[in-house]
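Work through the exercises below with the sequence and the coordinates at hand. Each task is followed by a solution in steps.

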Amino acid sequence: MLALRDVSVRLIDPETGVAVNALDSVFMEVEKGEAVVLVGESGAGKTTLLSVAAGLIRVTAGSVFVGGRELTWGDRGQDRWLRAKVGVAFQFPERSFFATTVREEVGLTASLLGWEPERVTAAVERALSAVGLSFNLLDRSPFTLSGGEKRRVALAAALAHEPELLLLDEPEVGMDLRGQKHVRELIQRLKNEGKALLVATHDVDAAMGWADRCVVLKKGRVADTLALTDPWPEGAGARLAPYSWDYTLLRRIYREAHARGWTLPDPHRARDRFLAALTARAKNPAAPGEAEDFPKPMEGPQ
Ligand SMILES: Nc1ncnc2c1ncn2[C@@H]1O[C@H](COP(=O)(O)OP(=O)(O)OP(=O)(O)O)[C@@H](O)[C@H]1O
Ligand SMILES: [Mg+2]
C-alpha cells in the first residue's frame with residue numbers, strides 16, 4: 001500500500017540556513033492489513049516520513065508509491081486521488097484545524113471529495129463514534145476543545161472518508177489512559193478491516209499488542225526494522241528497550257533476565273545503567289552481569 005524507495009529529504013533550517021538530512025536513503029513498506037510503528041527520538045524524522053507518505057513534502061531523492069502509483073510533485077489529479085486514499089492525523093492537531101465546527105472539520109475531506117451532504121453527515125457520525133466522541137460536540141469549534149478531544153477530532157477527520165492508508169502522528173499524546181486504550185483498540189480494528197497503518201510514536205510500549213513491525217529511525221535513517229510478533233524475537237528486546245518509556249517492555253525484559261539468572265539493574269531506578277548492561281549482554285551473551293546491587297523483581301504480575 002505504501003512503499004518508500006531510497007527516499008531522502010533535505011531541509012534547510014530557515015533561521016540558521018543549515019541543511020539537515022531529515023530523511024536519508026529510507027526504504028520501507030506498509031502492506032494492507034498491516035500496522036507499522038515508527039519510533040525514534042525527537043528529530044529522527046518520523047513526522048517528515050509521514051508527510052512524505054501523505055504527499056505533503058517533496059522528496060529530494062528517491063520514489064514514493066501509494067497503492068502502486070508513484071507520486072509525482074505538483075500533479076493536481078494525483079493530489080485528489082491521494083486525498084481519497086490517505087488519511088492523516090497530524091502531531092499538532094490544532095495546527096491543521098481549519099473549520100469552525102467539529103462537524104465541518106471531521107467531514108472536510110469527504111466534502112472536498114464531492115460526497116453528497118447526507119453521506120458526509122453519516123460518515124462524520126460514524127467517525128465520531130469510532131473515536132468515542134459525543135455528538136454533543138458537533139457544533140463546537142475544534143479550537144476550544146481539550147487536548148484529548150482535539151486528538152480525537154483529528155483522528156476522526158483522518159478516518160471519516162474511509163481511506164485505505166492511515167498515517168497517524170503520535171495519536172495517543174495528550175490522552176488519558178482510557179483514551180489511549182480506545183486508540184489502541186481502534187487501530188486494531190482498522191487493521192482487521194484491512195487498512196494499512198503507519199503510526200509514529202515516542203514510546204514503543206504504546207505499540208505492544210497491535211503493531212506488526214517496528215521501524216526505528218535515527219537521524220533520518222532506518223536504524224532497525226523488527227517484527228513485533230509475540231513472543232518478541234530474540235534480540236529485539238534490547239534493540240527496542242531505549243524506546244520503552246512507560247517501562248512495560250523494560251519491566252518485562254528485567255523479569256525475563258532475572259528468570260534466566262542474568263543480573264541487570266532495576267530499570268525504574270537506573271534506566272541508563274539498565275540499558276547499557278542490556279546492550280552489553282546483547283552484544284556478548286557470555287559477558288559477566290553487573291554486580292547485583294538491587295533486589296530481585298517481585299513475583300507476580302506488575
Ligand atoms: N520545516 C522544516 N524546516 C527545516 N528543518 C526541518 C523542518 N521540519 C523538520 N525539520 C528537521 O528535520 C528533522 C526531522 O524532524 P521531524 O519533525 O521529522 O522529527 P520527528 O521524529 O517527528 O521528531 P518529534 O518526535 O520531535 O516529533 C529535524 O532535524 C528537524 O529539525
Ligand atoms: Mg514528529
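**Exercise 1: Domains and core**

Task: state how far apart the C-alpha centres of domain 1 and domain 2 lie, and explain why the largest nonpolar core lies between these domains.

Solution. The model is a predicted one. The C-alpha centres of domain 1 and domain 2 are 33 Å apart. As for their bounds, the domain assignment gives residues 2–227 to domain 1 and residues 247–283 to domain 2.

Next, take the core. The largest nonpolar core has 84 residues, and those that touch the most other members are L38, A156, L167, L197, L198 and C214. Helix α6 (residues 147–159) provides the largest share of this core, seven residues. Because domain 1 (2–227) and domain 2 (247–283) both give residues to this core, it lies between them.

Finally, look at C214 in detail. Leaving aside residues up to four places away in sequence, C214 touches V37, V39, V204, A207, L226, L228 and L240.

**Exercise 2: The shell around ligand 1**

Task: find how many residues surround ligand 1, and name the element that gives the most to the shell.

Solution. Start with the count: ligand 1 is surrounded by 14 residues, and the closest are A22, S42, K46, T47 and T48. Then assign elements. Both β2 (19–30) and α1 (46–53) supply at least two residues of the shell. The element that gives the most is α1, with three residues. Last, sort by class: the shell holds four nonpolar, eight polar and two charged residues.

**Exercise 3: Helix α4 and its cover**

Task: list the buried residues of helix α4 and identify helices that cover them.

Solution. A residue counts as buried when 20 or more other C-beta atoms lie within 10 Å of its own. In α4 (residues 102–112), the buried residues are V102, R103, E105, V106, G107, T109 and A110. Their cover includes α2 (76–85), α5 (117–131) and α6. Just after α4, the backbone at G114 has a positive phi of about 90°.

**Exercise 4: Strand order**

Task: give the order of the strands in the open four-stranded sheet, and say which are the edge strands.

Solution. The order is β2-β1-β4-β5, with antiparallel pairing. The edge strands are β2 and β5 (69–70), since each pairs on one side only. To check the β5 edge, turn to β4 (residues 61–66): two bridges join β4 to β5, and these strands run antiparallel. F65 has E70 in β5 as its bridge partner.

Conventions
Residues numbered from 1 in each chain as written. Chains lettered and ligands numbered in written order. Predicted model: local features only at pLDDT ≥ 70, side-chain atom pairs only at ≥ 80, totals over all residues. Near = placed C-beta within 6 Å. Nonpolar A, V, L, I, M, F, W, Y, C, P; charged D, E, K, R; others polar. Domains from an automatic or database assignment. Core = buried A, V, L, I, M, F, W, Y, C linked by C-beta atoms within 7 Å. Buried ≥ 20, exposed ≤ 12 C-beta atoms within 10 Å, placed from the backbone. Contact = placed C-beta atoms within 7 Å. Pairing = 2+ DSSP bridges.
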